[in-house]
Amino acid sequence: MDRNRGFLLETSVVQVIARGTGVAFVIDESSPFDVVASELRDHLADQSSLWSKGDITINVGQRILARDELAQVKSIIETHSGLTVTRFWCAPESLNGGDFQIEAKAAPLYEPSFLTEPSNASESQPIVHNEVVLSESPLDLTPNTAAASKTAIESIIEGLKSRHNKNGARNRNITEALFIKSTFRSGETLEHSGDVIVLADVNPGAEIRADGDIIVFGSLKGWVHAGASGDNKCVIIALDLPSPRFQIGKYLGVAPMSAPQKSKQSTIGPKIAYVRSRSVHVAPFAGRFARYKKGVPYDG
Amino acid sequence: MTGKTIVITSGKGGVGKTTATANIGTALAMRGNRVVVVDTDIGLRNLDVIMGLENRIVYDVVNVIEGVCKLNQAMISDKHDYELFLIPAAQTRDKNAIEPEQLRELCAELEKDFDYVLIDCPAGIEQGFKNATAAAQEAIIVTTPEVSAIRDADRIIGLLESSGLHNPKLIINRIAPEMVKRGDMMDQKDVESLLAVEVIGLVPADEQTVVAANRGIPVVHNSKSSAGGAFMRIAARVDGEDIPLMAIEPKNGLLSRFKGMVGMSGRTYSHA
């Protein structure tokens, strides 16, 4: 998720980046926590007028973050801006692995990134994750009340763990999906460790890499890579699939060159792209796990 | 008076940003607004040429920002008797001569005094684009019905949204009606569905636009020009009037007009 787009504001450690119609604070991974804390404080203090009100999600991502630090981050955000931390999410890997550390870890520390919505875009919520809404389990994440926050965070983690165990997630350790509600435009890139669902078009020049499936409720014209971490069982589903090139796992799909107009006529309706006998095939969509036989090979 | 700053941008060069700026600016002034157009294409200034004000430049936008002259010294009044002013770009400097924040301050100053501040944005997505878009509250994107221009417009829309300029308006410039009819050129619907933004104007390809630019008289002054009429309607829409988009159709030749008359009379008789 570090291939970012946009150019709004930049400092060395904290970057403010537009994601869809929302805004994300992305924090440099290599900086020590103290530096991040002070940079974030300065950054928010500088632009306190920008972040007048709204909800914010803390995304720990794949990283390991001590709970005291999480609490500190929450208090920095809430005291230096009008934003309220309402959600918290982290990758299931860091839970299932059992290495979510309760105690502050010695360096290297991993910093969280934040997903937030500016107050003026409150009507659209482009990004939804496997998230925990904090208000359901009210907690006060201030450093002073570390004991209280401990139990609250533990309950959140337990909740996430049980959900993921229940879902099983088969071989893949992918469970979270990312929703994008706005058009994915040329030059915009996204990497995500789960499934990606776009509720609009993916335009030429846009790039999406997902470790899971990619589903586009619109016309897919850009470059997408499903199963980017090597899972050939992933699929690409789109209402319309004019994209000339895309990839599933390690297999590249290239639209057949012959008679594009004829194929356009015969294949109206949603399509699915999947890997069968070492090449990418495209067929009219009939279900995620349906048995597809008459797919068109996409091998150029 | 608190005006509005509108940036006119495209990403790709040569699609008609400067022509659109000159014409929309002129048309807005003809409608009785106080308008200033700011050329931010530093190093490659053109807006003054198209507006026919080239030989009246003394100071430019960089001079104003650097404090060499006062703001009103750099404002060139249009030749006509309505309130239209131009702040030209510097020709001997480059895009890095100004910062986005400085242009934002300049436009905030101008907004106090004008109804519309139009910014002519340079091509590209580098410093010049960042300068031009920083100051604007609204954006108008100019594109032509060509794949490359549309791709760039798409990128620009993404960049504008990420810098907080939402819901840009689209002008589709240089539509050749005959080519659209033959299916050799994308029509309005194709462009609209790809870019998914509101279309504020359709401008037909018109020789008069080129003639007007060469003479330094924006084409909106030519009441017979189809492009001029299109720019007048765009200005009216910018000004808040609700005018439906006019479909651009090939001009009827004598033969087709004759056929139409025959056809119409035939229908009339058959119904009678």
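These legends go with several close-up views of a predicted model.

**View 1. Chain A as a whole.** Start with the inventory: chain A carries five helices and 19 strands. Its 300 residues include 51% that count as buried. What share of the contacts with a separation of 6 or more comes from residues 24 or more positions apart? In chain A that share is 51%. On the outside, chain A exposes about 14000 Å², and carbon and sulfur atoms supply 51% of that surface.

**View 2. Where chain A meets chain B.** Here 14 residues of chain A are in contact with 16 residues of chain B. Interface size is often quoted as the accessible area lost when the parts come together. For chain A and chain B, the buried area is about 1400 Å², with 56% of it from carbon and sulfur atoms. Look across the interface and there are five residue pairs in polar contact, both partners at pLDDT 80 or more. The chain A side that touches chain B is made up of four nonpolar, six polar and four charged residues.

**View 3. A salt bridge between the chains.** The rule finds two salt bridges across the interface of chain A and chain B. One is picked out here: the side chain of Arg185(A) meets the side chain of Glu161(B), with 4.0 Å from N to O.

**View 4. Helix H6 of chain B and what it packs on.** H6(B) spans residues 127-134. Which of its residues are buried? They are Gly128(B), Phe129(B), Asn131(B), Ala132(B) and Thr133(B). In a helix of the α type, residues three or four places apart point the same way, because there are 3.6 residues a turn. The buried residues of H6(B) pack against two strands and two helices of chain B, namely S1 (4-9), S5 (116-120), H5 (100-111) and H7 (147-162).

**View 5. Ser10(B) in its loop.** Ser10(B) sits in the loop that runs between S1 and helix H1 (17-30) of chain B. Is Ser10(B) buried or exposed? Its relative accessibility is 0%, so Ser10(B) counts as buried. A polar atom of the Ser10(B) side chain lies 2.5 Å from the backbone oxygen of Lys12(B). The same side chain also makes a polar contact with the side chain of Lys17(B), at 3.0 Å. Leaving aside residues up to four places away in sequence, Ser10(B) touches Val15(B), Lys17(B), Ile141(B), Val142(B), Asp152(B), Ala153(B) and Ile156(B).

**View 6. Arg34(B), a buried arginine.** Look for Arg34(B) in the loop between H1 and strand S2 (35-39) of chain B. Arg34(B) counts as buried because its relative accessibility is 19%, and the cut-off for buried is under 20%. A polar atom of its side chain lies 2.9 Å from the backbone oxygen of Asp113(B). Beyond the residues up to four places away in sequence, Arg34(B) touches a set that includes Met1(B), Glu83(B), Phe85(B) and Asp113(B). Phe114(B), Asp115(B) and Tyr116(B) are also among its contacts.

**View 7. Ile243(B), partly exposed.** Ile243(B) belongs to the loop between helix H11 (226-238) and helix H12 (254-271) of chain B. With a relative accessible area of 23%, Ile243(B) is partly exposed. Not counting residues up to four places away in sequence, Ile243(B) touches Arg233(B), Ala236(B) and Arg237(B). Ile200(B) can be found 9.5 Å from Ile243(B), C-alpha to C-alpha, although the two are 43 residues apart in sequence.

Note on methods
Residues numbered from 1 in each chain as written. Chains lettered and ligands numbered in written order. Predicted model: local features only at pLDDT ≥ 70, side-chain atom pairs only at ≥ 80, totals over all residues. Heavy atoms only, no water. Buried < 20%, exposed > 50% of the residue type's maximum accessible area, 1.4 Å probe, protein only. Helix = DSSP H or I, 4+ residues; strand = E, 2+ residues; numbered from the N terminus. Contact = heavy atoms within 4.5 Å. Areas by Shrake-Rupley, 256 points an atom, 1.4 Å probe, with all protein chains shown as cover. Buried area = accessible area lost by both parts, 1.4 Å probe. Polar contact = N/O pair within 3.5 Å; in protein donor to acceptor, adjacent residues only side chain to side chain. Nonpolar A, V, L, I, M, F, W, Y, C, P; charged D, E, K, R; others polar.
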